[in-house]
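Here is a short, friendly briefing for anyone meeting this structure for the first time. Have a look at the sequence and the model, then follow the points below.

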Amino acid sequence: MCGKMMVTNKGMAEAMATEREVAKAAGMVPDEQKHEPRSKGITTARKKKPKELAVITECCTGCSGSPACVEYCPVEDCMFWVPDEDHPPFGRIQIDPILCIGCKKCVSKGPDGCFLDGCPWDAIVMVDIADVENVVGAMTY
């Protein structure tokens, strides 16, 4: 069922919690786990705590290796490809929650449900920062 947030995945939450102590401004996810395609853009640390973070749902198909959402992300390495080890060459997109600025450029829904550029599968949802921190713990800003 689409809409289930990947942030509730216990394994991911544990990995993110471990990485939180190691990575501050560089992000939570180590660079060696980030595969191409990756988002390109600003490299400075975010200046304030966002109200919402983008979260990829289980609906993500990775757009067959050419994800539409990655091109719209304005933050370097915030969105990246994660290969499916059980079903190569398939994979999906993941978002580094420490780097996400909550700009909503990767989502496809605008005001009143109008379609914008971004994810064509509605596989990205904006989640309140408090809900994310309940799963992964307090995040650095």
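Lysine 104 sits in the loop between β4 and β5. With a relative accessible area of 42%, lysine 104 is partly exposed, and its phi is positive, about 70°, although the residue is not a glycine. Please keep in mind that this is a predicted model.

**The loop between β4 and β5**

- The side chain of lysine 104 meets that of glutamate 52 in a salt bridge, with 3.2 Å from N to O.
- Lysine 104 belongs to the loop between β4 and β5 and glutamate 52 to strand β2, so this pair ties together parts that are 52 residues apart in sequence.
- Glutamate 52 is partly exposed, at a relative accessible area of 26%.
- Aspartate 122 also lies in the loop between β4 and β5.
- Aspartate 122 is another residue other than glycine with a positive phi, here near 55°.
- At 38% relative accessibility, aspartate 122 counts as partly exposed.

**The overall layout**

- The chain contains three helices and five strands.
- Following the sequence, you will meet them in the pattern α-β-β-α-β-β-β-α.
- The chain has 141 residues, of which 41% count as buried.

**The open sheet**

- Three strands make up an open sheet, in the order β1-β3-β4, with antiparallel pairing.
- β1 (35–38) and β4 are the edge strands, each with a single partner, so one side of each has no neighbour in the sheet.
- From one strand to the next, the twist averages 35°.
- Five bridges join β3 and β4 in the antiparallel sense.
- To find one point of pairing, look at valine 82, whose bridge partner in β4 is arginine 92.

**The nonpolar core**

- The largest nonpolar core has 29 residues, and the members that touch the most others are Met79, Ile93, Ile95, Ile124 and Met139.
- At least two residues of this core come from each of β2 (52–56), α2 (68–72), β3 (79–83), β4 (91–95), β5 (124–128) and α3 (129–136).
- β2 gives the largest share of this core, with four residues.

**Salt bridges across the chain**

- The whole structure holds five salt bridges, and two more of them are described here alongside the pair of lysine 104 and glutamate 52.
- Arginine 38 and aspartate 77 form a salt bridge in which the closest N and O atoms are 3.3 Å apart.
- Arginine 38 is in strand β1 and aspartate 77 is in the loop between α2 and β3, so the pair links parts that are 39 residues apart in sequence.
- Both arginine 38 and aspartate 77 are buried.
- Lysine 49 and glutamate 133 meet through their side chains in a salt bridge, at 3.4 Å from N to O.
- Lysine 49 lies in the loop between β1 and β2, while glutamate 133 is in helix α3, so this pair ties together parts that are 84 residues apart in sequence.
- Lysine 49 is partly exposed, at a relative accessible area of 44%, whereas glutamate 133 is buried, at 16%.

**A buried arginine without a salt bridge**

- Arginine 46 is found in the loop between β1 and β2.
- What is the nearest side chain of opposite charge to arginine 46? That side chain belongs to glutamate 133, 7.0 Å away, and arginine 46 is buried yet has no salt bridge.
- A salt bridge calls for a side-chain nitrogen within 4 Å of a carboxyl oxygen, so a distance of 7.0 Å does not qualify.
- Backbone oxygens do lie within reach of a polar contact: that of isoleucine 98 is 3.3 Å from a polar atom of the arginine 46 side chain.
- The backbone oxygen of cysteine 100 lies 2.2 Å from a polar atom of the side chain of arginine 46.

**Cis peptide bonds**

- The peptide bond from glutamate 36 to proline 37 is cis, with omega near 5°.
- Proline 37 is part of strand β1.
- Proline 88 and proline 89 are also joined by a cis peptide bond, with omega about 5°.
- Proline 89 has its place in the loop between β3 and β4.

Technical notes
Residues numbered from 1 in each chain as written. Predicted model: local features only at pLDDT ≥ 70, side-chain atom pairs only at ≥ 80, totals over all residues. Heavy atoms only, no water. Core = buried A, V, L, I, M, F, W, Y, C linked by side-chain atoms within 4.5 Å. Buried < 20%, exposed > 50% of the residue type's maximum accessible area, 1.4 Å probe, protein only. Pairing = 2+ DSSP bridges. Axes fitted to C-alpha atoms, helices over the stretch in contact; angles between N-to-C directions. Lys, Arg positive; Asp, Glu negative; His and termini not counted. Polar contact = N/O pair within 3.5 Å; in protein donor to acceptor, adjacent residues only side chain to side chain.
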